[in-house]
Amino acid sequence: SPNDLILIDLRKNYVADNAVYVLQYDGSLLVKRIQRLMNGSVIIKSDNPEYKVEELSADQAKKLNVLGVVVWYGRKM
């Protein structure tokens with residue numbers, strides 16, 4: 001959610017399991033889930049159902065930079 005605080009493990013800058021990642025793509029920072037497909041493409045999902053699932057081709061996926069994995073988040077009450 002907007003204004004949430006997140007703690008990122010920068011040592012895990014690769015996709016290993018079902019987790020939430022901080023991604024850099026086309027000049028933007030994103031906090032999303034990733035699923036790698038056998039053909040080299042990736043599916044990018046948001047936990048927010050208001051956002052559509054996006055698929056990047058294998059060529060586009062090469063431009064995707066995984067900065068780290070989100071290990072904690074917090075928000076004001």
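**Exercise 1. Place Asp9 in the fold and classify its exposure.**

Step 1. Asp9 is buried, with a relative accessible area of 11%. The cut-off for buried is under 20%. This value comes from a predicted model.

Step 2. Asp9 sits in strand 1.

Step 3. Leave out residues up to four places away in sequence. Asp9 then touches Gly68, Val69 and Val71.

Step 4. Check a C-alpha distance across the chain. Asp9 and Leu67 are 58 residues apart along the chain, yet their C-alpha atoms are separated by 8.6 Å.

**Exercise 2. Describe the overall fold and its dimensions.**

Step 1. Count the elements. The protein has one helix and six strands. From the N terminus on, the order is β-β-β-β-β-α-β.

Step 2. Test the radius of gyration. For 77 residues, a compact globule would have a value near 11 Å. The protein has 13 Å, which agrees.

Step 3. Take the extents. The C-alpha trace spans about 45 × 30 × 25 Å along its principal axes.

Step 4. Look at the contacts. Among those with a separation of 6 or more, 48% join residues 24 or more positions apart.

Step 5. Turn to the surface. The accessible surface comes to about 6100 Å². Carbon and sulfur atoms own 51% of that surface. Of the 77 residues, 26% count as buried.

**Exercise 3. Find the salt bridges and state which parts of the chain they link.**

Step 1. Start from the principle. Side chains of opposite charge can pair when their charged atoms come close. The cut-off here is 4 Å between a side-chain nitrogen of Lys or Arg and a carboxyl oxygen of Asp or Glu. The count comes to four salt bridges. The next steps work through pairs that include Asp4 with Arg75.

Step 2. Asp4 and Arg75 meet through their side chains at 2.8 Å, N to O. This pair links distant parts of the chain, 71 residues apart. Asp4 is in the segment before strand 1, and Arg75 is in the segment after strand 6. Arg75 counts as partly exposed, at 47% relative accessibility.

Step 3. Asp47 forms a salt bridge with Arg33, with the closest N and O atoms 2.7 Å apart. Asp47 lies in the loop between strand 4 and strand 5 (54-56), and Arg33 lies in strand 3, so the pair ties together parts that are 14 residues apart in sequence. Asp47 is exposed, at 56% relative accessible area. Arg33 is partly exposed, at 25%.

Step 4. Asp59 pairs with Lys62, the closest N and O atoms being 3.8 Å apart. Asp59 is exposed, with a relative accessible area of 54%. Lys62 is exposed too, at 67%.

**Exercise 4. Work out the surroundings of Ser41.**

Step 1. Locate the residue. Ser41 is in the loop between strand 3 (28-36) and strand 4 (42-45).

Step 2. Classify the exposure. Ser41 has 3% relative accessibility, so Ser41 counts as buried.

Step 3. List the polar contacts of the side chain. One goes to the side chain of Asn39, at 2.6 Å. Another goes to the side chain of Glu55, at 3.3 Å.

Step 4. Widen the search to contacts beyond four places in sequence. Ser41 is in contact with Gln35, Arg36, Glu55, Leu56, Ser57 and Ala58.

**Exercise 5. Identify the nonpolar surface patch and the elements behind it.**

Step 1. Name the members. Leu5, Leu7, Val71 and Trp72 make a nonpolar surface patch of about 430 Å².

Step 2. Assign elements. Strand 1 (5-9) and strand 6 (65-74) are the elements that give two or more residues to the nonpolar patch.

Step 3. Examine one member. Leu5 lies in strand 1. Leu5 is exposed, with a relative accessible area of 57%.

Step 4. Link back to Exercise 1. Val71, one of the patch residues, is also touched by Asp9.

**Exercise 6. Where is Asp26, and what marks its backbone?**

Step 1. Asp26 is in the loop between strand 2 (20-25) and strand 3.

Step 2. Read the backbone angle. Phi of Asp26 is near 55°, a positive value in a residue other than glycine.

Step 3. Add the exposure. Asp26 is exposed, with a relative accessible area of 70%. The cut-off for exposed is over 50%.

Notes: Residues numbered from 1 in each chain as written. Predicted model: local features only at pLDDT ≥ 70, side-chain atom pairs only at ≥ 80, totals over all residues. Heavy atoms only, no water. Patch = residues over 30% accessible without salt bridge, like charges linked within 9 Å, V, L, I, M, F, W, Y side chains within 5 Å. Areas by Shrake-Rupley, 256 points an atom, 1.4 Å probe, with all protein chains shown as cover. Helix = DSSP H or I, 4+ residues; strand = E, 2+ residues; numbered from the N terminus. Buried < 20%, exposed > 50% of the residue type's maximum accessible area, 1.4 Å probe, protein only. Polar contact = N/O pair within 3.5 Å; in protein donor to acceptor, adjacent residues only side chain to side chain. Contact = heavy atoms within 4.5 Å. Rg over C-alpha atoms; globule rule 2.2 N^0.38 Å.
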